[in-house]
Structures are given as C-alpha cells and as structure tokens.
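Trainee: I'd like to practise reading a model with you. Could we go through it one question at a time?

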Amino acid sequence: MRNDTSRSEEGATGPVRTAVRTIGRVVGDLIAISLWVLFLTLAFLATGWPRWAFYALLLVGVGVYVAVTAAWID
Amino acid sequence: MSEVHTERSGQRRATLRDRIGRGLDRREFLRTVAGGGYALGMAHWIGVDDFLAAGDDEVPVVTALVRDDPADPWSIRERTERVPAAWYAAVEKALEINDLLSRVGFTGYLGSAVVPGDFESGTATVSVGVSSEGHSVNELLGELAEGVEIDVETFIDVDDIGDDSEASEPRLGYPGTDGRVPSGVACETPTSLATLGPALYHPDGERRFFVTADHAFDGIEGSTEESLSLPIGGDDAAELGTVARHHPVADVATVEPTGGIEPTNRIDAPSSPRVRGQFTKFGLATLVARDAELEKVGAMTGHTVGKIQGIDAVTCFTDDFCRRGQLRWGGEMDLTDGDSGSVSYHRDPEGEADDVLIAGFNNARTWWPGQSYVWGVGAYRLTETHGYHF
C-alpha cells in the first residue's frame, strides 16, 4: 500500500519532470550543435580552409560546448 | 581471512564511490559522443565534403543562353564554360545553404544572397540580412523551430512610382523607321511611369512581348485599361499594347504588342547594344568571380555601371512573401522611381562588339543605411519559373 502511494507520487512529479528536462536538454544540444555546424560550413565556404581543420574544429567545438554546459546542468 | 575480507569490501566501496563520481563524467562523455556523432551526421547531410574535398580539375558549367543567329530569338543555345571544380563546388554549396536558410525562415531573417569568390580562391560567401530589433539569441533559437513570420514594420515601401515630377525629365523613345522602339526609354501605364525593357520571348507559340515592372500597374490590375503606351513628347503617346500577364512575385508584366510598334532587342545606350541572350545563375557567378560590372539604362537615371553584390538573393522585406532568384548590384543611386523595368546587362564575352547578355531586371533599391544596391529578378529565374527568355 505504502509502496503504491510512493510510486504514484513519483509518476506525477519526479520522472515526468526529469524526462521533460532531459528532452529539453537534448533539443537544446541539437540546436546548438546544428548552428555550430552551419557556422563552420559558412566560414569554410568563405575562406577555403582545409578539410582536416573543419572536422577538428567541429569535434573540438562539441567537446568545449559539453564541458562548458555540464557545469550549468548540475 | 577476515582482514582480507574487510580489505576487499573496502575496495568494492571505493570503486563504487569512483563510479558515482565518474557518473557525471560518463554523462559528459555520452553527450560528447552523441553530439559529435550528430555534428558529423549533419555535416554529412549538408554535404560539406562536396566542397572540402573538391579536386583541382575543371568542370563544365552552363553560363549563358545565347542566340546562334542574332536576328533569330528562337535560335538560343546553351553556352558552357570550364571553371575550377573547387570554385564550382563552393558556389553550388553556398547556393544550397542560401536556399535552406530562406526556407527555414527564422525570425529576423530579411533576406540573403550568395557572393562567389574569385576562381583561384575557390570560395563563396553567404550574406544574411537579419533584423536586429529586439531579438536576443535565445529568442532566435526558440523560434528557429517554429518558423515565425518576419517583422517588416520598420520598413516603408518607397518603391511606389510617385509623382516627384519636378525631378529630371524622363528619356523619351521614338519608334525608328522600322517601327521598333529600343529598351531603356520611358513607358506609361494608366497610373505611372516606368522603363521599357528589351523584347522578351516565350517559346509557347513563339510570342514576343514588351516588358516592364509589374508594380507600375499597381491599383489597376484586372481592369480593362491595362494598357502600356510610349510617351513621345507633349501629351502625345503611342500605343504599345495591353498586358498579357502579371507576374507580381517576379515583378514583371508582359505586354502583347497591339499598336503597330514592335519590341526590339536594342538598348538605347550610346553604343546601341544588341541583346544576344542572357546569363544563367552560374554565368552571373562567373561575372562576380571576374569582378565584372553590369550596366543599365533607365528612363530617369540613364546609363549607369556598377559591381555585382550578390546573386540568387532572397528578399523578404517588401511584401508578405519572399522573392527568390534576385540579383543585387550597383548602388542605390543607380535607380530611382521610373527606372523600374529596366534591365542590367554585360557585354557578351564571345559575341560581337555590341552584343550584350541580360543579367536581370532592376525593380527596387535599398533605402536603409548600411547597404547600397539595386535589386530585381534574375533573367535565369524568369526562364526557370515562367519560360520567358531574352
């Protein structure tokens, strides 16, 4: 009985809120990374920099983004 | 024995604590891997390798539609030219991204254009116009997914052909002995004055038309008096014809000749250029790569020359729809009320001395600070969407 109550309370608040927050974070990540890819593409179109630099900056940018935003999340 | 057991359980507890500590790192690790994978996937979807990995060879590209026989408008043929593959790939990708941006249409997007670099550089720039009023980056990100409309309130439409008649006198044209009147002179609609373009052709039924800006007919579309006439001094005017079709998005109106005067492919400039055809989108891109200039003859400002500032532009600030395939060139002083309907052109690099190819129409100009150009629909766009050609 006690078990049931705690489970339904969890269902109404905890997991739902966590799920919404997680989805929000994932969507935020996707938008931020999309803009980064678009920005890099336009920059490399305009400059003609080499291919390796594109992929290096692409991944370094994602790494930096995750490292910086990880501090905000918790 | 018991000592060993305690030691073990201590180790177990330590690894568990480490794991909890590392849990955060693992989440970061997962986000980095997932984010990196998504970034690579998106880069692949955009097709960055198309231009990043382009070779050093040359590729053929159609740069113009040109008449075999200068006197026969139905003899137009595609002309191809060889251009560096890296340059072609960059311009092609910039055109694609320009189109993508205009379709996403995020809030604040007012328009964009492609500016090809020179052949050696193998580059191309996408120039994006964004309204800066009150849109924080956060708002922009939030609305990116929703595709909200564009705020046009701060822009006023100055492109009405007004009655500032104390300005200079329009250039009048007179039909020659052959009953033809050149492009670049004034023409009159029942309500306003514009510039007459060179003869425009449509392959269906081999028809030829007079042509001018559609907005010169603003307010009288659909009425029976949609006529175009040629002012010839005093209050006299010669009849040119009646409107065959309005193309409000392209801002072009085609006029069926009815008055005995025929449209011609001559332009009323000092060198009396002869229109031999038109540039394609990539033809215009090669002009930009060569830093070439365009010319025009308007009824009010006459003959002017200027640099191309952007091709395949999208402009969303004058109406509640976007205009595509626009050409930006020159400066805002190159166009005034009454010049709409004139064409921009450039010498045919392979033709005779007075042969020219049309780049596009001139229908509006910038009126805000920071930018200065004339814009109008590219001839290639008119061919793609409606089938007309010069």
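Mentor: Sure, and keep in mind that this is a predicted model. Let's start with Glu206(B), whose relative accessibility is 49%.

Trainee: Is Glu206(B) buried, partly exposed or exposed?

Mentor: Exposed would need over 50%, and buried would need under 20%. Glu206(B) has 49%, so the label is partly exposed.

Trainee: Where in chain B is Glu206(B)?

Mentor: Its phi is near 45°, a positive value in a residue other than glycine. As for its place, look past strand E8 (200–202) and before strand E9 (207–212): Glu206(B) is in the loop between E8 and E9.

Trainee: And Asp251(B), is that one buried or exposed?

Mentor: Asp251(B) also has a positive phi, near 60°, and lies in the loop between strands E11 (237–247) and E12 (252–257) of chain B. The cut-off for buried is under 20%. At 7% relative accessibility, Asp251(B) therefore counts as buried.

Trainee: Now the two chains: how much area is buried between chain A and chain B?

Mentor: There, 30 residues of chain A are in contact with 29 of chain B. Carbon and sulfur atoms give 74% of the buried area. The total is about 2500 Å².

Trainee: Which residue of chain A meets Arg31(B) in a salt bridge?

Mentor: Chains A and B have 2 salt bridges between them. In one of them, N to O is 3.0 Å, and the cut-off is 4 Å. The partner of Arg31(B) is Asp29(A).

Notes: Residues are numbered from 1 along each chain as its sequence is written. Chains are lettered from A and ligands numbered from 1 in the order in which they are written. This is a predicted model: local features need pLDDT of at least 70, side-chain atom pairs count only at pLDDT 80 or more; totals for chains, interfaces and linings use all residues. Side-chain values use heavy atoms; hydrogens and water are left out. Contact means heavy atoms within 4.5 Å. Buried area is the accessible area (1.4 Å probe) that two parts lose on being put together, summed over both. A salt bridge is a side-chain nitrogen of Lys or Arg within 4 Å of a carboxyl oxygen of Asp or Glu. Helices (H or I, at least four residues) and strands (E, at least two) are DSSP runs, numbered from the N terminus. Buried means under 20% relative accessible area, exposed over 50%, partly exposed in between (1.4 Å probe, protein chains only).
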